Amino acid sequence: MTNQSKKEFLWVSDLSAEQLRVMRDHGTEPPGSSPLNYETRSGIYYCAGCHTPLFHGDMKYDSGCGWPAFFTVINNAVETEIDHSHHMVRTEVHCAKCKAHLGHVFPDGPQPTGERYCINGISLKFKKEDS
C-alpha cells in the first residue's frame with residue numbers, strides 16, 4: 001500500500017457512513033439537521049476529513065438556507081468546480097487538501113463578498129476559540 005493509499009484509508013476510517021456519503025459521493029445532508037447551523041461562538045471550522053482550517057467563525061452568518069453559511073473562506077482552503085447534477089448548474093466547493101465535497105457557493109451572499117458558501121455541517125468540525 002502506498003503512503004497516499006494509507007492516508008486515504010485513514011481518512012475514510014475516521015468518517016461515519018453519512019459523512020462518506022456527503023463528502024465522497026457528493027451527497028447533501030437534510031436542511032436544518034446540523035447543530036453547526038446554530039453555532040455562534042468564535043472559533044474555526046475544519047474539514048472533517050483532513051482537519052484543514054476552512055472558515056473562521058466570524059465568516060459565518062445566518063442565511064436561512066438550512067445549512068451553515070459563510071461569506072468567505074480561509075485563503076486557499078477550498079477549490080471550486082462547476083456541478084451539473086440535479087438538472088442545474090451550480091458551483092461545488094471542496095476541500096483544497098483532500099478534495100472532500102463540502103457544499104456549494106452562490107452569488108447571493110452579504111457584502112463584502114456577495115457570496116454564500118452553503119456548507120454541509122456534517123463535512124465540518126468546529127473548534128471554539130479559547131478565551
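**Sheet pairing, aromatic cluster and cysteine geometry in a predicted model**

E79 has H94 of strand β6 as its bridge partner. The model is a predicted one. Strand β6 covers residues 90-95. It pairs with β5 in the antiparallel sense, over six bridges. Both strands belong to an open sheet of six strands. The strand order is β3-β4-β8-β7-β6-β5, and the pairing is antiparallel. The sheet ends in β3 (60-61) and β5 (78-83), the edge strands, each of which pairs on one side only.

Confidence was examined along the chain. The mean pLDDT of the protein chain is 90. A value of 70 or more is reached by 89% of the residues. Over residues 1-7, by contrast, the pLDDT is below 50. Beyond near neighbours in sequence, this stretch has two contacts in the model. Where pLDDT is low, predicted coordinates should not be read in detail.

Aromatic rings form four pairs in the structure. One of them joins Y45 and F126. The ring centres of Y45 and F126 are 4.7 Å apart, and the planes meet at 50 degrees. This pair is tilted. It links distant parts of the chain, with Y45 in strand β1 and F126 in strand β9 (residues 124-128). The two residues are 81 residues apart. Y45 is buried, at a relative accessible area of 0%. F126 also counts as buried, at 18% relative accessibility. That value qualifies because buried means under 20% relative accessible area.

Another pair is made by F55 and F70. Their ring centres lie 3.9 Å apart. Their planes are at 15 degrees, so the pair is stacked. F55 lies in strand β2 (residues 53-56), and F70 lies in strand β4 (residues 69-70). The pair therefore ties together parts that are 15 residues apart in sequence. F55 is buried, with a relative accessible area of 0%. F70 is buried as well, with a relative accessible area of 0%. Y45, F55, F70, Y117 and F126 form one aromatic cluster.

Two members of this cluster, Y45 and F126, are also in contact with E39. Leaving aside neighbours within four places in sequence, the contacts of E39 are Y45, K60 and F126. E39 is found in the loop between α2 (17-23) and β1 (43-47). The residue counts as buried, at 13% relative accessibility. The side chain of E39 makes a polar contact with the side chain of R41, at 2.7 Å.

The cysteines were considered next. The structure holds zero disulfides. The cysteine sulfur closest to that of C95 is in C50, at 3.5 Å. This is too far for a bond, because a disulfide requires sulfur atoms within 2.5 Å. C95 is buried, with a relative accessible area of 0%. For C98, the closest cysteine sulfur is in C47, at 3.6 Å. That distance is likewise too far for a bond. C98 counts as buried, at 14% relative accessibility.

Backbone geometry has several features in loops. A cis peptide bond joins Q111 and P112. Its omega is about 20 degrees. P112 is placed in the loop between β7 (101-106) and β8 (116-119). Positive phi values occur at H51 and at K99. Phi of H51 is near 70 degrees, in a residue other than glycine. H51 is in the loop between β1 and β2. At 48% relative accessibility, H51 counts as partly exposed. K99 is not a glycine either, and its phi is about 70 degrees. K99 is in the loop between β6 and β7. The residue is partly exposed, with a relative accessible area of 40%.

Conventions:
Residues numbered from 1 in each chain as written. Predicted model: local features only at pLDDT ≥ 70, side-chain atom pairs only at ≥ 80, totals over all residues. Heavy atoms only, no water. Pairing = 2+ DSSP bridges. Helix = DSSP H or I, 4+ residues; strand = E, 2+ residues; numbered from the N terminus. Buried < 20%, exposed > 50% of the residue type's maximum accessible area, 1.4 Å probe, protein only. Polar contact = N/O pair within 3.5 Å; in protein donor to acceptor, adjacent residues only side chain to side chain. Contact = heavy atoms within 4.5 Å. pLDDT = per-residue confidence, 0-100. Phe/Tyr/Trp six-rings, centres within 6.5 Å; stacked < 30°, edge-to-face > 60°.
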